[in-house]
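Trainee: Could you walk me through this model? I would like to build up the picture step by step.

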Amino acid sequence: MVELWGALLILILCPLLGALPLIALVTKYLAKKQLTQLGTGNIGVSAAFYHGGTLVGILAVLSEAFKGIAAVMLARAYFPDGSAWELIALITLVLGRYWTGGGAGTTNVVWGFAVHDPLTTAFVFLVAGISFTILRSRQIAKFGVLVLFPLIVAILHFNNFPLIVAAIALASLLGWIYTQISDDLDLPVEEAQTDSQGALQFFRGDRSILSLDDDLDEALVGAKAGKLSQMRRWGYSVPKGWVLLPFDDPQPLIDYLQPSELFPLAVRSTAIGEDSEFSSAAGQYETILNVTTKEGLEQAINRIQVSYNSPRAQKYRSDRGLKNSSMAVLVQQQVRSLYSGVAFSRDPITQESDAVVIEALPGSPTQVVSGRVTPEQYRAFVTEGESNSFIQLEGAGKVPQILIKQVAYLSRQIEDRYHGIPQDIEWCYDGQTLWLLQARPITTLVPIWTRKIAAEVIPGVIHPLTWSINRPLVCGVWGGIFAIVLSERAVGLDFNETATLHYSHAYFNATLLGEIFRLMGLPPESLEFLTRGAKFSKPPMESTLQNLPGLFRLLIRELCLEKDFKRDFRKHFQPILSEISEQPAEDLDPVAIWERIVTILELLRKATYYSILAPLSASLRQSVLRKKDTEIDNSQTPEVAALKQLTELARKAKSSVADFHLETNNSEFTDSEFADSEFTDSWFTDPPINNTQTNNSEITWEKLSQTPPGKEIIAEFEQYIDTYGYLSEVGTNIAVPTWKENPETIRQLFIQLMQGNTPVANDNRGRKRKAGTVQKRVDLKGKVTEIYSRLLAELRWCFIALEKSWINPGILQESGDIFFLELDEIQKLVENSESSLNFQLPQIIQQRKKQFAADSQHTRIPRLVYGNTPPPSPFFTQTYSDHQLKGIPASPGQAEGRVTVLRNLQSIPEIDSDTILVVPYTDSGWAPFLVKAGGLIADAGGKLSHGAILAREYGIPAIMDVKNATWMLQDGQRVRIDGYRGIIEISNDLRPS
């Protein structure tokens, strides 16, 4: 009972203690100043020193030290010494401190923790003090201590789990607060109280002169200096440089540098907002070269600073909606160039994704960027091999080709460093070293639209109706998920720009997603990590700590995902789907059909949330828990379940036919013939008619219908179609017919399975036990996929019924026209069938059909589109080895066989274990046809694509993401695939002529 009272007192009194405005009162009465109205507005120790002077600062330290010690002593009155409750008392104290005064509570924690654990405190501050003295970095000191002290607590008290958790929570809280508030130590030292300036200068940790060797903050020094600093620390050859912050006294830097004829300097602008993804500010500010005297350096710095407010620069910022900020100055050692130039890592004119465009000349790079001299122009095509890179060069001139190739390779390297954002590189060569002078995004090539992921989510050519439904669903749900983490920081982000159509194909906005992930404290490539297994770089600690509350909210959603789905399934999905299935859409009038469409769309919004989070949750859990793909059971996935049931039905049919003929003593056949699979094949196909797949299927079906067991099999097949009729070739595209509407393709597969040896899936026993919590999410993903697919099928059938009701009165001309309308247009037609839209429909539909047909002719759609206005036609230039292709290894194993290219499901060829099947993508509708092959190659897809999952289930080697494989490989070619490495080897002697 005593401990319960102690816990209540800690949770009540410590926040109140933290809220006591002792620093504000001391500063008000001794310095006659209101801290809330000065500087950052925070009431902290650094603010007291800055605005009140040394005496006020010392009293502020003592008052906050008293609070920290008092909180720990309160906990000791009710709990044993050194308990976790002492740290909980400090946590609640800090929360009260932050909520009322905006202070971080660092002093409270330092003194309180010193009383709590003197040994740990002494060790931490010894290490921190040495590091700060050497590195002189306040950021490293602050966040380093937050990592160090819970680590030491864990080492010293490894058996006290509550204490370790409390230490981590306290460190995380302080880290989060540091990212939320400004620090008065960042204010100009010369404006502080005179007697405290020395101490402030020391604790700022700033060196008097910043150089490119420092870890520079772009928010202070601008993107130009910040990126050069970053690249220099990465190991690239960047000339030495020094940075003068805005409003800083330039004299220390002028005194430090010794410009001369032998040591010339280049003075350049590095404004806030310059060289960013959305604003290059190229040529707007001064650049002064060949500075050889101190006087010239002083004048150059002044000219650079003045150029920030030039009319030209002001208009540039105004036209682009950029805020007026500040100008830092970059002074660099000037390299004497033998050759120099600029390079674009992607062609900004043609937007050709494979080309590096290089302009070069002997001499200074200013000749190239000035526009006064026509430089030599080159185009380089960089192809990354398994162990090296291949560069094909177009163009010739005075600049050595080997140097141009080095520049091309450097450009692509820098682009990769910045997550694929095309870069504008300025470079020079002094005869020994290739120097990097500048790198900035090519602003005309953003946003970057990517087919990665989108090619799996909604593959193929997309009709207007499909997109008008899918885009707001997907963008809206993604926006909601991002808003959970970002909270108020999501304001201003247009989540409707998450996806778009180019060439009637879906693309995701990689630039926007990268920005969102950075705001969330995650690496820009996080989405590809979760969905495609890409390498996951470590996020910055500061941004991660800043987003801990939001990430925690998202974690809660993830943990509650299964419970929430079961609730929605019981309350919404199951009853409404049952109700819909009782009355077909064709029995309803247009108004009732529209009401059903609205109902289904509302359910789809809920289902889309689960269809996004469930796969991501399963992928994340599998990655974190390091579960192998072979330990996962995907039998809950609709296409896997459908294939297994169809396989069992084919096996049953084959056995039933044989048993029936034996029982009827058919003299034409013997027991041995029935045991031989050749009997079944001949029975199904004899006599052949024109030797076609369709005719064979019809013959077999006719023969089945003539026997009692065959009739039972046909009835079971029809029941199978009723069960899985909602599946289609592209599950997310409602313009594609479902199995229910077009069962012939599945019937052909059924006959093929009866004729041959049906594939046997890997044994799933024991998988659920091995995978554990991961398996639960995979099972949930399968259930979600079923509900989502069923809803889309019902939505399609509604539109088909609506279309039929409009063809007779002439509103629509022919079947399929409705899919060339958009959702809001259909709504207008339902609400007012006599609207002016009726007269425009023929022209609208005709134009869209024409565009759709043209886009359907583009056989090779680019993976990336740069900018909002792509070229009229996709550009493709790819160099690759004649003997080898590479993709993502998706299912282990090796296989050799002959290529069969399957671009659509209109005509299904014979597929056996000697077939290496090459497909454009692997959506659910393709799944049943993939497992008969000996190997699988796909244009698009990753480790989590449908084809990859099925390939692993059936032990078939598979390679995904092989660019344009359906066009580079040809029927009959003999290839060898390695599913471990993602390598495809093409045999020399067995290529088609």
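Trainee: Let's begin with one residue: in which helix is Q622 found?

Mentor: Happy to help; a word on the ground rules comes before the answer. This is a predicted model, where local features need pLDDT of at least 70 and side-chain atom pairs count only at pLDDT 80 or more, while totals for chains, interfaces and linings use all residues. Residues are numbered from 1 along each chain as its sequence is written, and side-chain values use heavy atoms, with hydrogens and water left out. Helices (H or I, at least four residues) and strands (E, at least two) are DSSP runs numbered from the N terminus, and Q622 belongs to residues 590-625, helix α24.

Trainee: Is Q622 buried or exposed?

Mentor: The classes are buried (under 20% relative accessible area), exposed (over 50%) and partly exposed in between, with a 1.4 Å probe and protein chains only. The relative accessible area of Q622 is 13%, so Q622 is buried.

Trainee: Leaving aside neighbours within four places in sequence, which residues is Q622 in contact with?

Mentor: Contact means heavy atoms within 4.5 Å. With those neighbours left aside, the partners of Q622 are K627, K628, D629, I632 and V774.

Trainee: Which residues have the most contacts inside the largest nonpolar core?

Mentor: A nonpolar core is a set of buried Ala, Val, Leu, Ile, Met, Phe, Trp, Tyr and Cys residues joined through side-chain atoms within 4.5 Å. The largest one has 131 residues, and those with the most contacts inside it are F750, F799 and I826.

Trainee: And which helix gives the largest share of this core?

Mentor: The share amounts to 15 residues. They come from residues 773-807, which form helix α32.

Trainee: Now to the open sheet of four strands: what is its strand order?

Mentor: Two strands pair if DSSP finds at least two bridges between them. The pairing here is antiparallel. The edge strands, each pairing on one side only, are β13 (499-502) and β15 (864-866). The full order reads β13-β14-β12-β15.

Trainee: Which residue of β14 stands opposite W449?

Mentor: Two bridges join β12 (residues 448-450) to β14 (residues 505-509), and these strands run antiparallel. Opposite W449 in β14 stands N509.

Trainee: Which residue caps the N-terminal end of α19?

Mentor: Helix α19 covers residues 510-519, and its buried residues include L512 and F517. At its N-terminal end, a side-chain oxygen of the capping residue lies 3.2 Å from the backbone nitrogen of T511. That cap is N509.

Definitions and conventions: Polar contact = N/O pair within 3.5 Å; in protein donor to acceptor, adjacent residues only side chain to side chain.
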